[in-house]
Structure formats: C-alpha cells, structure tokens
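Welcome! Open your viewer, get the side chains ready to display, and follow along one selection at a time.

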Amino acid sequence: MEWMREKRYITENENVRQETTDSRWRQHFHIQPSAGMLNRPAGFVYLDGLYHLFYEWLPMSGLKYRYHLTSPDLIHFVTHGPVIILDDSDDDDFNVNQRWDDGFDFYAPQITYGAEGEPILIGCIRQSNVEYTAHCFTIPRLLSFEEEKVIQRPYPLVKKWRGKPETAEGYAMKHDIRLHPYEGDCYEMVIDILENESTEFYIELRVSKREATRLIYNHASRQFTLDRFDSGILSPYGNDFTRSVTLDNHLKRIHAFVDQSSIEIFLNDGEKVMTSRIFPSDSATGIRTSTESGQVYLKFTKYDIEKQES
C-alpha cells in the first residue's frame with residue numbers, strides 16, 4: 001500500500017540523512033540532496049523572475065521523485081521538496097552524449113534563458129565511490145557562441161560566494177614548490193600564466209602526502225590534462241584516470257572551482273571546460289607547482305567559499 005511505502009521511506013531516509021550530512025565529501029556549494037541520490041536534472045526554466053530547477057531524486061528506499069528548487073539568482077535556493085512520485089515509465093529521453101564538457105563526469109545538461117535572454121546551463125556531476133553515492137549539480141554556466149565555438153563561463157553571480165582574495169605569485173621550477181599556508185578544500189581559484197618558458201608545467205590541488213589532483217600543460221602541443229589517479233578513493237566503476245584537451249591558443253588562464261568532492265576547470269576564459277568528481281582525504285588541502293624543465297611565472301588568486309544552503 002502507498003502509505004506503507006511512504007512510512008518506510010520516511011524511516012529509511014531519516015536513518016541515512018545524518019550519515020550523508022556528516023560525510024567528508026558532502027559538497028559545500030554544489031546542489032545535492034540531503035540524502036539519497038540526485039540521479040539527473042529533470043527540468044530547468046526561468047519564469048516570472050524565478051529559476052525553477054527540478055531533478056530526479058531517489059531516496060534510499062528506492063522510491064523515485066521529482067524534486068523542486070527555486071531561486072531568483074541561481075545562488076540562493078529555496079527547497080520545495082518532492083512534488084511527484086515517479087516510476088520507471090516516467091523516464092525522460094535526455095541527450096547525454098552532447099559534448100559540453102571534456103572532463104570525466106558531466107551528464108545530462110539542461111539549458112534555460114535568463115532575464116536578459118542569456119543561455120544558462122546546469123548539468124549533473126555523476127560519479128560515486130563505494131562510500132558516497134550523492135551526485136550533484138555543476139555550478140551554473142553562462143553560454144555564448146564566439147568565433148564558431150561554444151564558450152562556457154562561470155555564471156557571473158557566483159562571485160557572491162567569494163570570501164576575501166588571497167594572492168600568491170612567482171616562478172614554478174623543476175623542483176616541487178608547495179604554496180604554504182596557501183591551501184584549502186573549498187575555493188575558487190584563478191591562475192594566470194604570465195610567462196612560460198617551461199616544456200611542461202604541473203599544478204597540483206588537494207595535495208596530501210599521498211594524494212594530488214594534477215593539472216598538466218604541455219607548451220609545445222598546447223595540451224592540457226586533468227589527472228585524478230592520485231585524487232583519493234577511486235570509483236569502482238572504471239579505470240579512466242586522465243582526460244586531455246588541445247587548446248586553440250597557448251594557455252593563459254585556469255579558472256577552477258574546487259569543492260569537497262569535485263573540481264570544475266575553465267580554460268582560457270571558457271574555451272574548454274573539464275569536470276570531475278574526486279574523493280580525497282581531509283588532509284588533502286595543499287597546493288603545489290613544478291615543471292618538467294624550464295620555468296613558468298604564475299599568479300594565483302584564491303577565494304575561499306563558505307558552505308551554502310542546498
């Protein structure tokens with residue numbers, strides 16, 4: 001009977017809610033459920049001054065719902081909770097193969113048009129490990145079409161998340177340089193490449209003694225690589241650890257959003273975007289630089305991001 005299913009759902013959901021909330025990989029500024037699984041976006045519209053965002057929600061009991069959020073600015077959201085109970089026949093036909101992102105875990109993009117008619121994209125970051133199964137949304141992205149290319153930039157109002165800026169600059173060389181105490185686990189970072197005489201340079205984020213998420217740029221090939229082999233606990237669902245893109249122009253800027261269990265990277269003002277889930281330990285807060293040979297002059301601007309309500 002339906003009321004029995006609902007009672008079981010309430011009991012089971014409360015049992016896992018606290019565990020989900022207390023997880024070290026609980027996101028700080030990406031939207032995700034309080035418990036259970038965000039399976040995929042299921043509607044994104046702007047109407048009468050409000051953005052409406054829906055997603056398919058699967059509580060631990062196995063029930064499936066449409067979950068509803070609204071926001072005036074895509075920064076501050078109001079939760080309206082589950083609005084429809086679904087079954088398998090309610091699945092939508094999403095075009096998941098459209099290549100908006102060159103990273104690992106981007107899925108099911110949704111686009112709406114904002115107050116000024118601007119196209120805005122939100123997608124799902126869909127990957128789990130054996131201990132944590134909650135998928136999440138990407139940050140909102142502003143789309144434009146420039147020189148016959150689709151450009152994705154962080155939605156401008158995400159700047160409201162920023163804390164005070166911290167800056168660091170200097171040369172990266174062949175030996176590792178750890179930027180201490182310039183570190184963290186939830187932040188926005190802009191890295192400007194001011195001079196580059198290296199063959200290949202490396203920027204490592206979420207660094208501990210055994211962990212690092214590596215950003216690699218080869219000057220001759222203009223190839224940028226995201227390497228998550230040492231990013232922490234690996235997913236049991238594959239052995240895909242590196243993704244690479246070739247840029248039209250030499251790399252001048254890396255704009256990264258690092259959360260508790262994800263990284264989104266915008267290259268050269270949105271020419272390429274790479275998204276990944278990562279599952280590092282609590283001690284993985286360091287930032288480190290080095291080169292293969294030669295040197296590169298880098299400027300880092302970092303903004304800590306406090307936990308947002310989702």
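## First stop: Glu-211 and its neighbours

Select Glu-211 and show what surrounds it: leaving aside residues up to four places away in sequence, Glu-211 touches Arg-206, Asp-230, Ser-231, Gly-232, Pro-280, Ser-281, Ser-283 and Ala-284. Keep in mind as you look around that this is a predicted model.

Zoom out a little to place Glu-211 in the loop between β13 (200-207) and β14 (213-218). Is Glu-211 buried or exposed? With a relative accessible area of 13%, Glu-211 is buried.

Now turn to the side chain of Glu-211. One polar contact goes to the side chain of Ser-208, at 2.6 Å, and another reaches the side chain of Ser-281, at 2.5 Å. Next, add Phe-229: this residue is 18 residues from Glu-211 along the chain, and their C-alpha atoms are separated by 8.7 Å.

## Next stop: the rings

The structure holds 13 aromatic pairs. Select Phe-29 and Trp-161 to see a tilted one, with 5.2 Å centre to centre and 50 degrees between the planes. Phe-29 sits in the loop between α1 (2-22) and β1 (37-47), and Trp-161 in the loop between β9 (149-154) and β10 (162-172), so this pair ties together parts 132 residues apart in sequence. Both Phe-29 and Trp-161 are buried.

Then select Tyr-55, Trp-57, Tyr-65, Tyr-67 and Phe-137, which ring pairs link into a cluster.

## Last stop: charges over rings

Show Arg-162 with Tyr-303: Arg-162 lies over the face of the Tyr-303 ring, 4.1 Å from its centre. To finish, select Lys-302, which lies over the face of Tyr-182 at 5.7 Å from the ring centre.

Notes: Residues numbered from 1 in each chain as written. Predicted model: local features only at pLDDT ≥ 70, side-chain atom pairs only at ≥ 80, totals over all residues. Heavy atoms only, no water. Phe/Tyr/Trp six-rings, centres within 6.5 Å; stacked < 30°, edge-to-face > 60°. Helix = DSSP H or I, 4+ residues; strand = E, 2+ residues; numbered from the N terminus. Buried < 20%, exposed > 50% of the residue type's maximum accessible area, 1.4 Å probe, protein only. Lys NZ or Arg CZ within 6 Å of the ring centre and 35° of its normal. Contact = heavy atoms within 4.5 Å. Polar contact = N/O pair within 3.5 Å; in protein donor to acceptor, adjacent residues only side chain to side chain.
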